[in-house]
Amino acid sequence: SMIRAAILIQKWYRFTMARLEMRRRYSLSIFQSIEYADEQDQLQVCNLPFFLNVEILFEKPDVRKVVDEGLCLKEFEKKIDVPDSYYGPRLSFPLTAEDANALLHAFRNEQLLHARYVLQLLSETRRVLKEMPNITHLSTSYSKEITVCGDLHGNLDDLLLIFYKNGLPSEQNRYVFNGDFVDRGKNSMEILIILFAFLLIYPNDLHLNRGNHEDYIMNLRYGFTKEVSKKYKDHWKQILCLLRDVFSWLPLATIIDSKVLILHGGISDTTDLDFLNALERNKVRDRTDVGIILFSLKNSAVQIQHLCINFCYCDSNFYFFFFKLKSLMRPPKSVRDREEQTKKRIATSKASKHTATQHTAVKTQHNPPSGSAEPSGSNSPPDPALEEWKQILDILWSDPRSQNGCTPNKCRGGGCYFGPDVTAKLFARYNLKMLIRSHEFKPEGYEISHDGKVITIFSASNYYEEGSNRGAYIKLNPELTPRFVQYQVSKFTRTIESAALKSLREKIYAHRSELTSAFAQYDTNGTGRISVNDWAEAMESVLQLELPWRMLRPQLVQMNPDGEVDFMSCFYDLKMGQPTKEAQPALAETLCRYRKDLEIIFNIIDKDHSGLISFEEFSQTWRLFTSHLGIEVEDDSIDKLVLSIDYNKDGHIDFNEFLEAFHVVHRLEKKWCQKFH
């Protein structure tokens, strides 16, 4: 009987562990699907004609000098004073290992490095990066092993743990960090400072590759821009301006012993390492034309009049400018298109200057820049700018897949999926043995694919939630045999199912109208009930998250005794937080769905970061936003809503507070936890 009991206990244990593993896996699938859908949204918003930081046009001359003229270390000392009350590290250049240790000690104690030293460090980093090739070549003959680390995403604890377990960078302990140092986590700035400091101390032993998040527009959405503006309130403009230039100079790839290729994302069937090594990497991002909304003519007529050189469009309230943005998020214009656009700008600029002087409205047709390289049917050769952009985009954004071929990466909206045949073709052309890439979350911190030829390394543990994953790094010996080291910062892990389901329910509620319409197509008799298969198909057709909806059904929706789904029950335990009754359901849902995008745009317009923008700015931005995305909302609805929130009637609203009100409230979260855990 004891043996029988032991067998039953073992059977129960295995069943329970398998069930927990299944729930863990679909929870991670939820997080990853929502993450990729968010990246698609980001690319869509990047096409908005006014998505750009207004600070660049209105910033002081000394901000642009940081990039355009390259202020030297002594000039920063003259311009920025370090008070006696500052007790953090005081850097002197050239840096030493003692300086790096002082930085590590300060950041462990949550101290900030003073802005003067940050700017000096960035200036020196740019100088060193400029001397580096696009593709760095290393050899294991100079050290016993080389350590390769993947995405860190602002998780300082992971970097500190790597250094604790593996040792600090040195001539005998070489490192390659494979991009995505910033965004999402709260300590991106500290990670950059540490990595750049070691780069200056050991330029031949610590190497950095660019990731897709070393990009100005990505930083606006995923937190790095906000982090810098909060930590360096007086000098954040100079820091960000200089960082944009530093990011553009980061090398694109690393090759070890002519056999191991290390790059952030992946490859495509057109990846050409010789072409990548020859292009001017810092100039690829300069060929992107982007528009911008400026402040209303009534408030900024004088400023606008002095900035009319690059006008391309104006109306009675707003002016649009075009100039170069340091981002890879939008494709470049062809040479011919740029020449034609320049002619149009000159002609429009003259009319716009006259308009600004007379304070009268002039309307011209505005066509946002497109990503097309050449007009349809053109016999012109491929545009070099577009080819450079595509080559870099592919290596920063692509993901491997088990199927052969090379197809567009529809999940992310950028790069491609590349199969084993694409990998084999590149290896044969360049006599390679292994591809190490990052860019993708992996539960165990790493994954091996394409018959051992492709390795994904991901170094940010607890990426989605505490306990969601391990981090890892790779040790490569002279035989180029990879050894994986896994870790997890926190000792306390918990189920991530509740957090994943919470994120999914918010996504569901933000698409309530579309889902309701999709359900109704299957509910021909108006019973409010449909089959499980129909419910799953409706969910996927609207949300397009490629999730196991039938498996998730018990956590999301209720069923009647006949086995049919009460499809409206997926909204029962959720409600919209609304500040006022003026928010009609359709308007509230729209604000909920685009809350992140609107927050970015409003923060761009809010140049003094007071959190306040005028009613006129809010309304005009909203109308342009909805028009661009094809959102049908009555203007009167948003006008009444915004007026009702202007409590002190001063013509301004706190848009952060306003947008925070339009989030999904989980009314019965405790009930769900008790029911399903």
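**Entry 1: the annotated stretches**

I began with the UniProt record, an unreviewed entry, which places the annotation "domain: EF-hand" on residues 510–545, 593–628 and 633–668. I kept in mind that I am looking at a predicted model. I then picked one of these stretches, residues 510–545, and looked up its make-up: 67% of the span is helix and 6% is strand. The C-alpha atoms at its two ends are 14 Å apart.

**Entry 2: a little sheet**

Next I went looking for strands. I found an open sheet of three strands, in the order S18-S20-S19, with antiparallel pairing. Which strands sit at the edges? They are S18 (529–530) and S19 (558–559), and each of them pairs on one side only. I reminded myself that strands of a sheet pair through backbone hydrogen bonds, either parallel or antiparallel. Looking closer, I saw that S19 and S20 (residues 565–566) are joined by two bridges. I followed one residue across: Met559 has Val565 in S20 as its bridge partner.

**Entry 3: helix H11**

How far apart are the end C-alpha atoms of helix H11, residues 236–249? I worked out what to expect first: with 14 residues at 1.5 Å a residue, the helix should span 20 Å. The end C-alpha atoms are 20 Å apart, so the two values agree. I also checked how covered H11 is, and 13 of its 14 residues are buried.

Then I stopped at Asp245, which lies in H11. Is Asp245 buried or exposed? Its relative accessibility is 6%, so Asp245 counts as buried, the cut-off being under 20%. The side chain of Asp245 has a partner too: it makes a polar contact with the side chain of Arg126, at 3.1 Å.

**Entry 4: cysteines**

I checked Cys241 and noted a relative accessibility of 2%, so Cys241 counts as buried. Cys416 is buried as well, with a relative accessible area of 5%. Why is there no bond between Cys416 and Cys406? The Cys406 sulfur is the closest cysteine sulfur to that of Cys416, but the distance is 3.4 Å, which is too far for a bond. A disulfide needs the two sulfur atoms within 2.5 Å. My tally for the structure is zero disulfides.

**Entry 5: Met218**

Last, I located Met218 in helix H9, residues 216–222. Met218 has a relative accessible area of 0%, so I wrote it down as buried. I also compared its place with that of Val182: the two are 36 residues apart in sequence, and their C-alpha atoms are 9.7 Å apart in space.

Terms used. Residues are numbered from 1 along each chain as its sequence is written. This is a predicted model: local features need pLDDT of at least 70, side-chain atom pairs count only at pLDDT 80 or more; totals for chains, interfaces and linings use all residues. Side-chain values use heavy atoms; hydrogens and water are left out. Two strands pair if DSSP finds at least two bridges between them. Helices (H or I, at least four residues) and strands (E, at least two) are DSSP runs, numbered from the N terminus. Buried means under 20% relative accessible area, exposed over 50%, partly exposed in between (1.4 Å probe, protein chains only). UniProt positions are given in the numbering used here, feature names are shortened, and annotations may be inferred rather than shown by experiment. The expected span of a helix is 1.5 Å times one less than its number of residues. A polar contact is a pair of N or O atoms within 3.5 Å; within protein, one must be able to donate a hydrogen and the other to accept it, and residues adjacent in sequence count only if both atoms are side-chain atoms.
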